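Biologist: Before we discuss this protein, could you put the sequence and the model in front of us? I would like to ask how each description is justified.

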Amino acid sequence: MKIFLDTANLESIKKFNDMGLLDGITTNPSLMSKEGGNPKDAMEEITKIIQGDVSLEVVSTDYSGMIEEGKRLREYGTNVVVKVPMTPDGLKACKSLSSEGIPVNVTLVFSPNQALLAAKSGAKYVSPFIGRLDDVGQDGMNLIKDIEEIFSNYDFGTEILVASIRHPMHVVDAAKIGADVVTLPPSVLEKMLEHPLTKIGLENFLSDWEKLKSGNPDIKI
Ligand code: G3P
């Protein structure tokens, strides 16, 4: 399973990239807005730091605006994936851009049928938002199961990019289903690194080592 970081925060991107954890990045206008400044600088920097796919989202809602923005976004790097919303114009833009060899991520997917249509339009990724479904009392992970089952019946080549992830158990469940990609807020990836027994175990190892050294201060590894 690929891990993308869902952020435009450069510090977090560098931190987790240095651990070798990141296969890509997803951003959206809200994440850009959260960081402030000029989003162009962030887009330029992120596409340089990350070798894998970087999703940058259009803000136009009409077909020609999306095509124009998509092509401009693609100038940031050959690893740019143009993110378009799951709308009729978004799918039309998905088809045009994809047939020109520009990969597309169709975002704001909330139903199996939307995922099916995005795949038919040639999307490289579909982004179902599971946390937002959970928020309105629907089971977001069921959507991932349904899309996985549908895609496994055909040969679309479209990857399921699980988005709107809120906690580490979402990641475990998405991995069990076999989702292709999870995109994680930095806080969730941080939590995945930790376990209280790891911390306690390390403290014990170090204090035992200190005991050994107190009898022989010259000991070194
Ligand atoms: O990738 C989409 C994601 O950023 C949406 O997450 O938490 O705003 O629902 P959230």
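Biologist: How many helices and strands are there in the chain?

Modeller: The chain has eleven helices and eight strands, where helices (H or I, at least four residues) and strands (E, at least two) are DSSP runs, numbered from the N terminus. This is a predicted model, in which local features need pLDDT of at least 70 and side-chain atom pairs count only at pLDDT 80 or more, while totals for chains, interfaces and linings use all residues. Residues are numbered from 1 along each chain as its sequence is written, and side-chain values use heavy atoms, with hydrogens and water left out.

Biologist: What makes strand E1 mostly covered?

Modeller: Four of the five residues of E1, which spans residues 2–6, are buried, and buried means under 20% relative accessible area, with exposed over 50% and partly exposed in between (1.4 Å probe, protein chains only). Across the chain, buried residues make up 43% of the 221 residues.

Biologist: How do you know that E1 pairs with strands E8 and E2?

Modeller: Two strands pair if DSSP finds at least two bridges between them. Four bridges join E1 to E8 (residues 181–184), running parallel, and three join E1 to E2 (residues 24–26), also parallel; therefore both pairs satisfy the definition. Within them, Leu5 has Leu184 of E8 as its bridge partner, whereas Phe4 stands opposite Gly24 in E2.

Biologist: Why is the unit of E1, helix H1 and E2 called right-handed?

Modeller: The word applies if, with the strands pointing away from the viewer, the path from the first strand over the helix to the second runs clockwise. The β-α-β unit made by E1, H1 (residues 10–18) and E2 is right-handed, so its path runs clockwise in that view.

Biologist: What makes the contact between Asp6 and the ligand a polar one?

Modeller: A polar contact is a pair of N or O atoms within 3.5 Å; within protein, one must be able to donate a hydrogen and the other to accept it, and residues adjacent in sequence count only if both atoms are side-chain atoms. An N or O atom in the Asp6 side chain is 2.5 Å from a ligand oxygen atom, so this pair meets the cut-off. A polar side-chain atom of Asn28 lies 3.1 Å from an oxygen atom of the ligand, and for Arg132 the distance is 2.6 Å.
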